[in-house]
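User: Please take a close look at the salt bridges in this model. Walk me through where the partners sit and how well covered they are.

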Amino acid sequence: MPHASKAVSAQAIVASPAVATFGLEEELFITEPTRPTLGALYVMAKLLWRNPRYYYTHSATNFARGAEVRQCLMSSVEIATRPHATIDALLEDLQVRRADLAAAAGEAYLVPVGHLFDLASPTNTGGLHLHIGVAPERRPIVYANLAYFLPVLLLLSASSPYAGGRRFGQSYRIAHSFAIGALRPDPYYRFQDLILSRRLGTIEIRALDPIWDLERLRWLLRAVATIVSLPERMPVDLERYARLREQAAHAGYTPELQRLYAELRTLVDLPEELLQRTVADTLAESVARVGLAGTYAALDNAYRTGYWQQVAPRTLRPSPIRALLGLGGYYLPKLPYIAYKAWAEWH
């Protein structure tokens, strides 16, 4: 374990573009009112055509797969930032992307959770993907050190406390999503929590749930930046990692995760209360108090304004016309880029 004296402060790390760059891909659900519909494509079409040069390559849509399409075909949508050398610049960019999406969404709900609470659908999920650019010779060290501390960061982001209308734990998505999973010996294998990205040449943290709270997200980014700066390589124990990620997804802040937090705390001043009380805890309490529609209304308001408070749910009705306009205005123009990305991510 590196001594605290060897760690560089988060402020110093993010001020130096020579250390690393950071970029975010944020996936969330557009619901009308509690389920996504193909009308989300209309929102994304509006987003695209208001700034086609940027959003052609910095937005995406997802769909459920296999038999799960019968539960809900439309899944999450994605907005992405540019890479940045500082946390402040990254979060400023993210706020612009969120404002653009909110303007395009109109009355539809923007719901930043890893998994919709009334579904049990491992292919219908949303996440927060953090891309970290470092020099090629640093990638094995940074990958190993992120893998060592990642279970604590998973709990810091957990926001998927329900599945099929029943309380699951901290994150159904982390436990069951098809697109992530415990680490494998091959860091290039795409569907795991932490990868080396073939397409972008970055280290990509794929396992985080969406985080509406920018202050919580800022703490997570500070922790990641500190870990990225560590000069010594931590051991990678795949069995340990698998055990701790399951604890984070199900039980929450266990004694083993408390010990891992204590190690991380010697490097960065991460508030422990962010792990003791997760976003998932707040959302579960809200569902018990005001129900699903009220909780999604509060999440939408928090995502748009930055403040968590209960608000009256809106009356929303899906529109087949908007769905058709979205298919023609967003999905069809994006097909060539979708095909390219799918090829590049596996080759």
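Analyst: **Salt bridges up close**

The structure holds 18 salt bridges (a Lys or Arg side-chain nitrogen within 4 Å of an Asp or Glu carboxyl oxygen). Keep in mind that the model is predicted, with local features needing pLDDT of at least 70 and side-chain atom pairs pLDDT 80 or more, while totals for chains, interfaces and linings use all residues. Residues are numbered from 1 along each chain as its sequence is written, and side-chain values use heavy atoms, without hydrogens or water.

Let's start inside one helix. R97 and D100 pair up through their side chains, with 3.6 Å from N to O. Both belong to α4, a helix running over residues 87-105 (DSSP runs of H or I, at least four residues, numbered from the N terminus). The two are three residues apart, about one turn of the helix. Their cover is worth a look. R97 counts as buried because its relative accessible area is 8% (buried is under 20%, exposed over 50%, partly exposed in between; 1.4 Å probe, protein chains only). D100 comes out at 27%, so it is partly exposed. So this bridge brings a buried arginine together with a partly exposed aspartate.

Next up is R277 with E285, where the side chains meet at 2.8 Å, N to O. Here R277 has a relative accessibility of 39%, so it counts as partly exposed. E285 is also at 39%, which means that this partner is partly exposed too.

Now for the pair that reaches across the chain. R314 forms a salt bridge with D300, and their closest N and O atoms are 3.0 Å apart. This one links distant parts of the chain: D300 is in helix α11 (279-305), R314 is in the loop between α11 and α12, and 14 residues separate them. Looking at cover again, R314 is partly exposed because its relative accessibility is 27%. D300, at 2%, is therefore buried. The contact doesn't stand alone, either: E107, D300, R304 and R314 are joined into one network by salt bridges that share partners.

As for the helix just past that loop, α12 covers residues 320-344, with L335 among them. L335 has 35% relative accessibility, so this leucine falls in the partly exposed class.

To pull the partners together: R97 and D300 are the buried ends of their bridges, facing partly exposed D100 and R314, whereas R277 and E285 are partly exposed on either side of theirs.
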